[in-house]
Amino acid sequence: MDSLLLPVVDEDGAPFWEYAARSELRVQACASPDCGRLRFPPRPCCPHCRSFESEWRAMSGRGRIWSYVVPHPPLLPAYAAQAPYNAVVVELTDAPHIRLVGNVVSGPDAPLNSVDPARLRIGAPVKAVFAPVSPELTMVRWQLER
Ligand SMILES: [Zn+2]
């Protein structure tokens, strides 16, 4: 059966997925007391101060749609079956310089095409929902706040 592509979990990003499996949205932060800046995607070294110390800081899970597209076929078969759906870039309320790519859905277990693309607007408030897609992986998706 055709299935959606899943992220490849690497060593730097593994904590992001472990927190997501616990329904927590966390972002990597520099743990140097003089810096402390958030960064995404996860990486070993702080791009601001070059510290290798890091921690994972809890986010509120709130954000706004910064941009979006509505893919139409031709697409990979599993995606064509759900088109038209949406792919969004969400700017985090707690860290507006951090943007995550995902999908707006009507609920954690809902399919990618569960929200009419006509409802999406740049700037619309969204909140993170956590969708287990396999025993090992929980996706962070987004739900419209209203
Ligand atoms: Zn730093």
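**Why is it called that?**

Student: Why is E55 called partly exposed?

Tutor: E55 has a relative accessible area of 34%. Buried means under 20%, exposed means over 50%, and partly exposed is what lies in between, worked out with a 1.4 Å probe on protein chains only. So 34% puts E55 in the middle class. Before we go on: this is a predicted model, where local features need pLDDT of at least 70 and side-chain atom pairs count only at pLDDT 80 or more, while totals for chains, interfaces and linings use all residues. Residues are numbered from 1 along each chain as its sequence is written, and side-chain values use heavy atoms, with hydrogens and water left out.

Student: Got it. How do you know that E55 forms a salt bridge with R57?

Tutor: Check the distance: their closest N and O atoms are 3.0 Å apart. A salt bridge needs a side-chain nitrogen of Lys or Arg within 4 Å of a carboxyl oxygen of Asp or Glu, so this pair passes. R57 is partly exposed too, at 30%.

Student: What makes R62 and E145 a salt bridge?

Tutor: The closest N and O atoms of R62 and E145 are 2.3 Å apart, which fits that rule. R62 sits in strand β4 (residues 62-69) and E145 in the segment after β8 (138-144), so the pair ties together parts 83 residues apart in sequence. As for exposure, R62 has 38% and E145 has 33%, and both count as partly exposed.

Student: How many salt bridges are there by this rule?

Tutor: Four. Another one joins R26 and E24, at 2.6 Å from N to O, and R22, E24 and R26 are linked in a network.

Student: What makes the zinc site tetrahedral?

Tutor: Start with the donors, meaning N, O and S atoms within 2.8 Å of the metal (3.2 Å for Na, K and Ca); water is not among the atoms, so sites may look incomplete. The SG atoms of C30, C35, C46 and C49 lie 2.3 to 2.4 Å from the zinc ion, so they qualify. Four donors count as tetrahedral if all angles lie between 85 and 135 degrees. Here the angles run from 100 to 114 degrees, so the site fits. The ideal tetrahedral angle is 109.5 degrees.

Student: Are the donors C46 and C49 buried or partly exposed?

Tutor: One of each! C46 has 1% relative accessibility, so C46 is buried, whereas C49 has 34% and is partly exposed.

Student: And why is N86 called buried?

Tutor: N86 has 0% relative accessibility, so N86 falls below the buried cut-off.

Student: What does N86 touch?

Tutor: Contact means heavy atoms within 4.5 Å. Leaving aside neighbours within four places in sequence, the contacts of N86 include V69, P71, V104 and L120. A polar atom of the N86 side chain also lies 2.7 Å from the backbone nitrogen of V104.

Student: Last one: why do β2 and β3 count as edge strands?

Tutor: Strands are DSSP runs of E with at least two residues, helices are runs of H or I with at least four, and both are numbered from the N terminus. Two strands pair if DSSP finds at least two bridges between them. Five bridges join β1 (residues 26-30) to β3, so that pair passes. The open three-stranded sheet has the order β2-β1-β3, paired antiparallel. β2 (38-39) and β3 (54-58) each have a single partner strand, so one side of each is left without a neighbour in the sheet.

Note on methods. A polar contact is a pair of N or O atoms within 3.5 Å; within protein, one must be able to donate a hydrogen and the other to accept it, and residues adjacent in sequence count only if both atoms are side-chain atoms. Four donors count as tetrahedral if all angles lie between 85 and 135 degrees; four count as square planar and six as octahedral if opposite donors are over 155 degrees apart and all others between 65 and 115; anything else is irregular.
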